[in-house]
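Biologist: I want to go through this model label by label. For each label, tell me what it rests on.

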Amino acid sequence: MREAAYQAGLITPNNSEQLIIALEPEAAAVFCRQSKLREFVEGRNRDETVSSAFVPAQTQYLVVDNGGGTMDVTVHEVDDNDDVKEIYHATGGDFGGTKVDKEFQNLLEKVFGKDLMDEFCRSHPSDWLELMNDFEMKKRGDRVMRGEETRVRLPANFVNLMRHENIGRSDNEIIKRHYHAEQLRISKEYLCLGSEIVKSLFESTINAIIKHLETLGKKKELRGVKLMFLVGGFSESPLLQAAIKKKFKHKYKILIPNDAETAVVKGAVMFGRRPHVVVERCLSETYGTDCCVDFINGLHKYEKLKIIDGKRKCQDIFSVLARENEKVKMGQCKTSTFCPILANQTTVGFDFYTSSNPDVFYTTDAGVRELPGCMSVESPNTSKGTKREIKLEVYFNTEIKMIGIDVETGNEATTSIDFLWH
């Protein structure tokens, strides 16, 4: 994100501090805590803030950010200074609102045929967007909760193409091959979906969300959690709200902003005014860099053996800088020391990696991913050969900042990576 800001001309490396990156669930939590109860669904016009009513010191809560592409969940505890500590690492999955859109697209292909839908998308892309945008609005409606039809407008070009490809058959004769009239029908320029059909479009996505929250709620770190915030555009779905309330109403107090979709944006503004409100985070993955060490028979894999200046070395070692589930305070610095592997080496490079395995050993292990940040530290004074020290400092904030320092000369190099880079 910072690189995109550089390319857009919003900031430069010389004034990079003018951009503060906020994590979405944390921004939403700031908004929810500072909002008044009347700004929430079933808030009963109360003017007191959520913070004073439900979030005193030592309160633990969940923030469930149901967006378009993903669901992201963080777990916080409020300390005595009204600051926030993350007590369990961020989790989530790719079960956002676009999964429902995909189910709707599958339904269209089933009813009207894949060839027709491909032709429509190719020939009338703006009409296709209009159709999906209308569904996007209608899927947040509450007609399904009352057992009523949800009506999605079909663009004129779609209707014309459908009739051209099905000459001699009425509109509803096309649909009857797959659905009864009470399930799905066409009325004028509208595709009318029965409530059970609409529910079926949501079913797999809602089930995945419920399962994730149920599994997460069993973690020992979450035993004290009694409050849940639902934010994000998909959280405005009455079906999703009802499913979560039905499953968790006895476990959590569930609060949903009236405008859940904008909670993150509004919270980001508040976060910008108070960026140090989050004082501690729990790492979701293990972070490290690659290095060479002395080769030890029986410990290291033989294929990792490399002879360097006549010495047996093991390459591709994952040198851990911070481990999964480790608690780090914001601004905290962790320091490691490395040495050049060649006596005449004048530049020491660092690549960075992440893994979901806290016991990772090699950078080539399964599940290890290289991060989009690297740096090279100039070390021109080679008089100490491989005894020179390159200090690597790791600073934890919303972004993780890496500073490499050649101890002999003081030369520095810097790079940053997103805290929740995926």
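Modeller: Start with the whole. The model is predicted. Of the 422 residues of the protein, 46% count as buried. Buried means under 20% relative accessible area.

Biologist: How many helices and strands are there in the protein?

Modeller: Eleven helices and 19 strands. The C-alpha atoms fill a box of roughly 90 × 55 × 45 Å, taken along the principal axes. The exposed surface comes to about 21200 Å², and carbon and sulfur atoms supply 48% of it. Among contacts with a separation of 6 or more, 67% are accounted for by residues 24 or more positions apart.

Biologist: Now single residues. Why is Glu26 called buried?

Modeller: Its relative accessibility is 2%. The limit for buried is under 20%. Glu26 falls under that limit, so Glu26 counts as buried. The residue sits in helix α2, residues 24-34.

Biologist: What does Glu26 touch, not counting residues up to four places away in sequence?

Modeller: His76, Phe271, Val278 and Arg281. A contact here means heavy atoms within 4.5 Å.

Biologist: Val278 belongs to a strand. What makes β9 mostly covered?

Modeller: Strand β9 spans residues 278-282, and four of its five residues are buried.

Biologist: How do you know that β9 pairs with β3?

Modeller: Pairing needs at least two bridges between the strands. Two bridges join β3, residues 84-93, to β9, so the condition is met. These two strands run parallel. One named partnership is Lys85 with Glu280 in β9.

Biologist: And what makes β9 and β13 a pair?

Modeller: Three bridges join β9 to β13, residues 327-329. Because at least two are required, β9 and β13 pair. Here the strands run antiparallel. Cys282 has Lys327 in β13 as its bridge partner.

Biologist: Next, Asn166. Why is Asn166 buried?

Modeller: The relative accessible area of Asn166 is 8%. Buried means under 20%, so the label holds. Asn166 lies in a loop, between α7 (156-165) and α8 (171-176).

Biologist: What does the side chain of Asn166 reach?

Modeller: The backbone oxygen of Met162, at 2.8 Å. The cut-off for a polar contact is 3.5 Å. Asn166 also touches Leu116, Ile174 and Arg177, leaving aside residues up to four places away in sequence.

Biologist: Why is Lys188 called exposed?

Modeller: Its relative accessible area is 70%. Exposed means over 50%, so Lys188 qualifies. Lys188 is in the loop between β5 (184-187) and β6 (190-193). Its phi is positive, about 55 degrees, although Lys188 is not a glycine.

Biologist: Asp316 has a positive phi too. Why is Asp316 called partly exposed?

Modeller: Asp316 has 24% relative accessibility. Buried stops under 20% and exposed starts over 50%, so Asp316 falls in between. Phi of Asp316 is near 65 degrees. Asp316 is placed in strand β12.

Biologist: How do you know that β11 and β12 pair?

Modeller: Four bridges join β11 to β12, residues 311-322. At least two are needed, so the strands pair. They run antiparallel. Ile308 has Lys311 as its partner in β12. The hairpin has two residues between the strands, and one of them, Asp309, takes a positive phi near 50 degrees.

Biologist: What makes Cys292 partly exposed?

Modeller: The value for Cys292 is 25% relative accessibility. That is neither under 20% nor over 50%, so Cys292 is partly exposed. Cys292 is found in strand β10. Beyond four places in sequence, Cys292 touches Ile308, Cys314, Gln315 and Ile341. Its C-alpha atom is separated by 9.9 Å from that of Arg312, 20 residues apart along the chain.

Biologist: Last, the surface. Which residues make the nonpolar patch of about 260 Å²?

Modeller: Ile296, Leu299 and Phe361.

Biologist: Why does Ile296 count as partly exposed?

Modeller: Ile296 has 43% relative accessibility. That lies between the limits of 20% and 50%, so the label is partly exposed. A patch residue needs over 30%, so Ile296 passes that cut-off as well. Ile296 is in the loop between β10 (286-294) and β11 (305-308).

How values were computed:
Residues numbered from 1 in each chain as written. Predicted model: local features only at pLDDT ≥ 70, side-chain atom pairs only at ≥ 80, totals over all residues. Heavy atoms only, no water. Patch = residues over 30% accessible without salt bridge, like charges linked within 9 Å, V, L, I, M, F, W, Y side chains within 5 Å. Areas by Shrake-Rupley, 256 points an atom, 1.4 Å probe, with all protein chains shown as cover. Salt bridge = Lys/Arg side-chain N within 4 Å of Asp/Glu carboxyl O. Buried < 20%, exposed > 50% of the residue type's maximum accessible area, 1.4 Å probe, protein only. Polar contact = N/O pair within 3.5 Å; in protein donor to acceptor, adjacent residues only side chain to side chain.
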